[in-house]
Amino acid sequence: MFALPPVHAGTPATAPLPQMGFNNWNSTRCGPEFDETMMKGIVDKIVSLGLRDAGYRYVNLDDCWADWQRDGNGNLYANPQRFPHGIKAVADYVHAHGLKFGLYSSAGTYTCQPHVENRGFPGGLGRERQDAAFFASVGADYLKYDNCNNQGVDARQRYTAMSEALRATGRPIFYSVCEWGQNQPWLWAGRPPVGANSWRTTRDIRDNYPSMLGIFKQNVVLDAYASPGHWNDPDMLEIGNGGMSTTEYRSQFNLWSIMAAPLLIGTDLRKVAPADLQILLNKEVIAIDQDPLGRQGKLVRDSDGVDVIVKPLEDGGIAVVLFNETDGEQPVAVAARELGLRKQTYTVRNLWTHAEAQGDGSLQARLPAHASDLYRISM
Ligand code: GLA
């Protein structure tokens, strides 16, 4: 059986590297196809397509997994139409395939999706202990905790309450804060008493280039706040959902990886196209995202629509993204010293063509509109 890496002690959970996995939201929203059959099919695909072995571990359910009311004891339970065998059956299926299971709730009285008569699905505000105990009891390894219907209660207070409740369960549960960057969570969410593993830095991503670009620009300047186990989260991947070109999807993967962002697949893997799967499976790019040094790349140039981002790596090398955000082709040239390279001899590897060359003092590329290149430079 596939072995999971050892669990690392943390506050409140678990993983020193940015989370990788799947979440249904970007492909299904609350549509009827979001159900047990789909989620089991996704698990099967994560294994058979080689995604598990590439590092994608979490299988996360988003909003609308729950029934719209609590049971007689005040406990959450799964929507019986979508999950007729209950939520633990899904978690067990996920675990039996060597993967980890994630659930969703909101630090408010209801989650974000209206259901009937303007009532949403029950949220965790004021119910933190009971709900955290429920998450642990079904075997959840991950909680995405949203921000809707928060009744104006202070964010730190709300996210601390759930953090403490998760810790009290004794189960390591990855804690993903989702307050959309409203209260500058990069300043507090990663630290005690919240100790979140990641925090969303922006509003929701959409499956189009301007949305992806805008989110990248908001997130890339927050590099100082990311560290192992505590990551900026510019929202999930749209790769495969059809609203962007292959070039643009590749740019999302390059940019998210150099920003040490969570890599959460948001497309229905049961019908993923080969070109999109090839992006998601580029192990050399994934290795940049997952580099053990745990640094988010830094923007070293942002001019004339060209962005240059540099990420230090554990082996003493660096990763570099050159990104042409404009609507026309552009030549890009970057001197080695602009990348912080002091050594005369180094090798440059293009992580998409896999071509390797000796460094000659500069990086040069002709980038089509919206295209990017990702290089690994080793001394
Ligand atoms: C918010 C979150 C999204 C998603 C939806 C679900 O908008 O930011 O990521 O979870 O709620 O309703």
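## Around the ligand

Let's start with who sits around the ligand: by class, its shell is made of five nonpolar residues, one polar residue and six charged ones. Keep in mind that what you're looking at is a predicted model. The residues in question are Trp25, Asp62, Asp63, Tyr104, Cys112, Gln113, Lys144, Asp146, Cys178, Trp180, Arg200 and Asp204. Two strands, β4 (110-116) and β6 (142-146), each chip in at least two residues of that shell.

Some of these side chains come with distances to the ligand. For Asp62, an N or O atom of the side chain is 2.6 Å from a ligand oxygen. Lys144 has a polar side-chain atom 2.8 Å from an oxygen atom of the ligand, and for Gln113 the matching figure is 3.4 Å. As for cover, the ligand taken alone exposes 310 Å², and the protein buries 94% of that.

## A look at Ser106

Now pick out Ser106, which belongs to strand β3 (residues 100-106). Is Ser106 buried or exposed? Its relative accessible area is 0%, so Ser106 counts as buried.

What does Ser106 touch, leaving aside residues up to four places away in sequence? The list is Thr111, Gly123, Gly124, Leu125, Tyr145, Asp146, Asn147 and Cys148. With Asp146 there's a polar link too: a polar atom of the Ser106 side chain lies 3.4 Å from the backbone oxygen of Asp146. Asp146 also turns up among the residues around the ligand.

## How confident is the model?

Across the protein chain, the mean pLDDT is 95, with 95% of residues at 70 or more. Residues 1-13 are another story: pLDDT stays under 50 there, and the model gives that stretch 34 contacts beyond four places in sequence.

Notes
Residues numbered from 1 in each chain as written. Predicted model: local features only at pLDDT ≥ 70, side-chain atom pairs only at ≥ 80, totals over all residues. Heavy atoms only, no water. pLDDT = per-residue confidence, 0-100. Contact = heavy atoms within 4.5 Å. Near = heavy atom within 4 Å. Polar contact = N/O pair within 3.5 Å; in protein donor to acceptor, adjacent residues only side chain to side chain. Areas by Shrake-Rupley, 256 points an atom, 1.4 Å probe, with all protein chains shown as cover. Helix = DSSP H or I, 4+ residues; strand = E, 2+ residues; numbered from the N terminus. Nonpolar A, V, L, I, M, F, W, Y, C, P; charged D, E, K, R; others polar. Buried < 20%, exposed > 50% of the residue type's maximum accessible area, 1.4 Å probe, protein only.
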